[in-house]
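Hello,

Here is the structure I said I would pass on. My notes follow it.

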2 protein chains.
Amino acid sequence: MRFSPVRVSFFRACTYTSTFHSRRLLHTPARNIMAVNKTAHAFDKARLEQMLIGRFFFAPAFEIYGGVAGLYDYGPPGSALQANIIAEWRKHFIVEDHMLELDTTIMTPAPVFETSGHVARFADWMVKDVKTGEVLRADHLVKGVLEARLASDKEARGQAALTQEDDGKDKKKKRRDKLKHAPVQLADEAVAEYERILAQLDNHTGPELGELCRTHKITNPDTGNEVTEPEMFNLMFASSIGPTGKLPGFLRPETAQSHFLNFSRLLKYNNDTVPFASAQIGRSFRNEIAPKAGLLRVREFTMAEIEHFVDPEDKAHHKFVDVRDVELTLLDRETQGEGHTDVKRMTIGEAVDKGVVANETLGYFIVRIYQFLVKIGINPKRLRFRQHMKNEMAHYATDCWDAEIENSTGWTECVGCADRAAYDLTVHMAKTGAPLVVKQALPEPIVTEKEVAEFNKKTAGKEFGKDFATVRQIVENLDEVNLVKFKEELAKGSTTIKSPEGKEFKLTPDHLTVEKKTFKQNVREFTPNVIEPSFGIGRILYCLLEHVYWSREQDVDRGVLSLPPLVAPTKVLIVPLSNKKFDHLVKDVSTKLRKRGIFANVDDSNQSIGRRYARNDELGTPFGVTLDFASLSKGTMTLRERDTTEQLIGTIDEVIDVVTDLVNGAIDWPEAKQRLSLYDGVQAVD
Amino acid sequence: MRFSPVRVSFFRACTYTSTFHSRRLLHTPARNIMAVNKTAHAFDKARLEQMLIGRFFFAPAFEIYGGVAGLYDYGPPGSALQANIIAEWRKHFIVEDHMLELDTTIMTPAPVFETSGHVARFADWMVKDVKTGEVLRADHLVKGVLEARLASDKEARGQAALTQEDDGKDKKKKRRDKLKHAPVQLADEAVAEYERILAQLDNHTGPELGELCRTHKITNPDTGNEVTEPEMFNLMFASSIGPTGKLPGFLRPETAQSHFLNFSRLLKYNNDTVPFASAQIGRSFRNEIAPKAGLLRVREFTMAEIEHFVDPEDKAHHKFVDVRDVELTLLDRETQGEGHTDVKRMTIGEAVDKGVVANETLGYFIVRIYQFLVKIGINPKRLRFRQHMKNEMAHYATDCWDAEIENSTGWTECVGCADRAAYDLTVHMAKTGAPLVVKQALPEPIVTEKEVAEFNKKTAGKEFGKDFATVRQIVENLDEVNLVKFKEELAKGSTTIKSPEGKEFKLTPDHLTVEKKTFKQNVREFTPNVIEPSFGIGRILYCLLEHVYWSREQDVDRGVLSLPPLVAPTKVLIVPLSNKKFDHLVKDVSTKLRKRGIFANVDDSNQSIGRRYARNDELGTPFGVTLDFASLSKGTMTLRERDTTEQLIGTIDEVIDVVTDLVNGAIDWPEAKQRLSLYDGVQAVD
């Protein structure tokens, strides 16, 4: 159970909010994985992870030192995939919409997060095993134990033992192992009670979680030992800046705060006008209590955040017209409130018009997020936008939508898109006094009238001497109502005022006049609102790998990653038949491709061409070209496509032209087949 | 004064080594800055920094909270410049040489840095002001105070008051202000003593620095107070991983260690063969005691590191032939040892042949570093490679060269290039037992002969019973020489051995035989050596900005940044004459450029075209195109080059073709002038 959110953001989405909503109430079983992945076997997470770690997409960090939970290193294909996703992100968001990119420090002095609320509230409840000292996240413990008991109960009752979350036999087996005894049937009342607790898990405080553990005898499932009372654990990594020990610092848990702190410079850079957006891609940290979900819950991660600053009175977006007909899968607040998970297909124009999505700017970004995710290879059928419930959002937020991607663990929030109103700029301005506001020349000045007192310095100064300042201050401090009263009395000849110390002063029209004056306001000053799309790159990357993973019927043990050429770590593999005779051709093809901006890998190992291709299918390489004896005698080259394994043939230069267009997305495979001949010969000497 | 280095790397270069060498002994005054920068005024650092911060290339981080020394944020042009430098780095190094990219975690469990030596030795000596508690770096304090006294002495003696480091009147003035009294002449012996101390500053331990403070009455120059005894301060930021408080962690001070920890996976990825290189671009941290040098000494920074793993017995490089004729400016160890700073111009081929540079691989990387730096805009005349002195290097290192870039503070190490031998892999293997080695099938097996004892288990077992294991171990522990003696005695009939506890055993040929046997070794196992080029991106970026900064005679107050198009934050500025009539043309040109991969900015503000260009000269935008009335009537567009301010004219499509070639580096400005007409008309209605 986490604290009430201090802010709505990617972090809110993945930190404060338990995934409970999406997993219990909103979960739709991943029925279509088979169809999507056209795989030879049912989706098998263990098999995929084995392949990803084996081919060094990623691996547990510090493995030779025993590893540390929640810390992962990306190897060559993972780094390249991530770099390609980030490059496309930069193009799709920053370049396309002329955003102002930032690259700010991670180490942050404590006062910044005191103001933002993170020091007080960026925390989870934890409990300890009373004997072993093992630390568990309190809400995860309660959830895990009660779900296990319900599962055991179902089994005992002879029902289908798979709970909604179970996605395979392994999990079921593991859960049973944990119970370490035969299925136990519960009383009907207990089942109802457990289901009630699980449905409201998000609403429990720490002490309430402790109470639940006592009442329901919830113990550490690994040891059977009791656990301590829940304590708060702040999720920021703490450190100390400089040698004095007097400047505490935290590693940022999000990049957003530094956008807000730099607001004045950004505004100036944008010629003092809003709207504009700043953007940043960078590392953030979260000291999770007990992370166990692979790349989906880590302690250090790359995120990409946009802070779009906008006039609170005008959240229209000039490019909304370009996206208003894009249809999306939406799971709105109302539907969830009724306990359903039925998504709606709706154009964003309709959603904004009906008030389902709060404003055009939010709507524009939801579409842009959708377009980005689909472009890099996320299956649009396994992508939905879920609106936050009112009690899920911070009190100041207007609206918030998560891009959730379905994967083997359920629906995971991978992008948050929130209208954060003016909260952060307001609190930092209040704390530091820095004017984090926009000053806008008004097209027409606002005219107001106000009573104003004006002293005759000569007469009043003479009359009151050293008390003149006091007198003046008393009058100037009068509010409009009292000043009007004062004026009326003065008009009658004289009036008396009293200092805080009780000294009285008699004032006459000789000393001062009070008159109605006209004021013109030429400048409007306001704190902009912030629309924040916030991306967890690692989560997106992992879900993408699940979406594109499958295997061929004829080669079940080898995986294929159908990554789009745009993000594939390697675009083209050059495969020469043997590794001597073809050296000059390999160099030639390689150089020609490079001149077109395509960097190819060469696999000139001694393995068969088929095996070399299969190895590269696991890395997601979309195209392969083969140099064989016909290349020497006739100057031809074959081109092989990863997903279909179809092969085409043409002259070397023709194939290079076609593969260039394929990699750049100018043509697709059916179009490539129009331009080259189908190659149905068996690969020579394969 | 820093501890003796634990390793040679970029960090060694900028952490362990005081910049003393380069600044006192090796400093060549930056005489040619004027010429290089063709500027209207002498190089003025304050003016440049004001412009860079004003235009938000970078700014002090957390400024509205008072800022923190050594932490900076990059704003839009700085981020774009950095992103472009990194993109080129990735292309130049990783893609070009098929390096294996990594992206690893920053948060590192303590045992890793205990093994690497950082916990014990990655430290500086600090002292505290006894009254205010202000912390100072001990070596910097001694250096600053003694240099100030020498400067004061020189002034008093009526000599040219500028010391070698002084680069302007401001510094002299500041130093004098610090002294807070009139110039003081020193005794001749004191001058000699101070100079002796400064020349050997690197060789002093902490206690010796303390002794120097007492002997020479060195106090905090800001307060005049005495300072405490020097204490060691570890430069790593410390934190704690997870909620138990039992897993201490550090923020990495370099990315290198994670390359070493992942060595086995990398080797497997490279089909179990060396040489190969891994590479990583990422953030690292160093908790500097009192950083004051802007972007040149920061607490958090982006670095790019390559670890090239190579057979220790063969450090040839297959692409050395491509670079051997490249001429470089070298400052070798020998020259420095003689107290000179005379650089040598030499091809890398000659340098390796003569043994000036230790091996081909090191030489190859030195050239690649040179080519990279020059490509992104570093002035080759202000770039040299300085070899580390023997006592500067870690004991295990074979050779180390720093790419030093001259800037307003002297020569600064921006890239380190070291042959680190097998140190890190060896210590991590010793600590963890992970086999961080290469196993290589030998082309011909190595045949060796060895005496081997073989027991007759039956007879010996019967004879010695439960002592058999002891007997066996004693014999097996005999070295070759003793085993031969043992064999000779045994041949005589019997021999007696003694257990550590003093128990004697009599052995006869019945119990065992000792015979010479032949062994064939088919696999060679070795720990690879590592050549490490290590780049400080922020240092390079700052030096680059100094190198390309100048101002025009007719507009002294505006700066110009002559950044190469390759790294310029914005490549093309579109300047329409007024902001309504030309909207469709702006969109048209913008779209056409984008299709060619060039993202242009538009400045449609109300300012004059000249002022808009000038503003973008400060951002380093190399090309501008103007849309004016002739664009409407004749379909022409003018093209303006930043450095010459020359303008060409052609049809819109012609200009787009030319500017595309210019940005992509396919042609230069003189070639562009061949393809378009010179435009000598005054800009209409400017």
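**Strand E16 and its neighbours**

In strand E16 of chain A, Asp419(A) is the bridge partner of Asp399(A). Please keep in mind that the model is predicted.

The bridge belongs to a pairing between strand E15 (residues 399-407) of chain A and E16(A), which run antiparallel and share nine bridges. Two residues separate E15(A) from E16(A), and the two strands form a hairpin.

E16(A) also pairs with strand E21 (residues 529-536) of chain A, again in the antiparallel sense, with five bridges between them. Here Asp419(A) comes up once more: in E21(A), Ile531(A) stands opposite Asp419(A). Asp419(A) therefore has a partner in each pairing, Asp399(A) on one strand and Ile531(A) on the other.How buried or exposed is E16(A)? Ten of the ten residues of this strand (residues 410-419) are buried, meaning under 20% relative accessible area, so the strand is largely enclosed by the rest of the structure.

As for the chain as a whole, 27 helices and 29 strands are found in chain A. Chain A has 686 residues, of which 57% count as buried. Among the contacts in chain A with a separation of 6 or more, 72% are between residues 24 or more positions apart. The area that chain A exposes is about 28800 Å², and 50% of it is supplied by carbon and sulfur atoms.

Regards

Technical notes:
Residues numbered from 1 in each chain as written. Chains lettered and ligands numbered in written order. Predicted model: local features only at pLDDT ≥ 70, side-chain atom pairs only at ≥ 80, totals over all residues. Heavy atoms only, no water. Buried < 20%, exposed > 50% of the residue type's maximum accessible area, 1.4 Å probe, protein only. Helix = DSSP H or I, 4+ residues; strand = E, 2+ residues; numbered from the N terminus. Pairing = 2+ DSSP bridges. Contact = heavy atoms within 4.5 Å. Areas by Shrake-Rupley, 256 points an atom, 1.4 Å probe, with all protein chains shown as cover.
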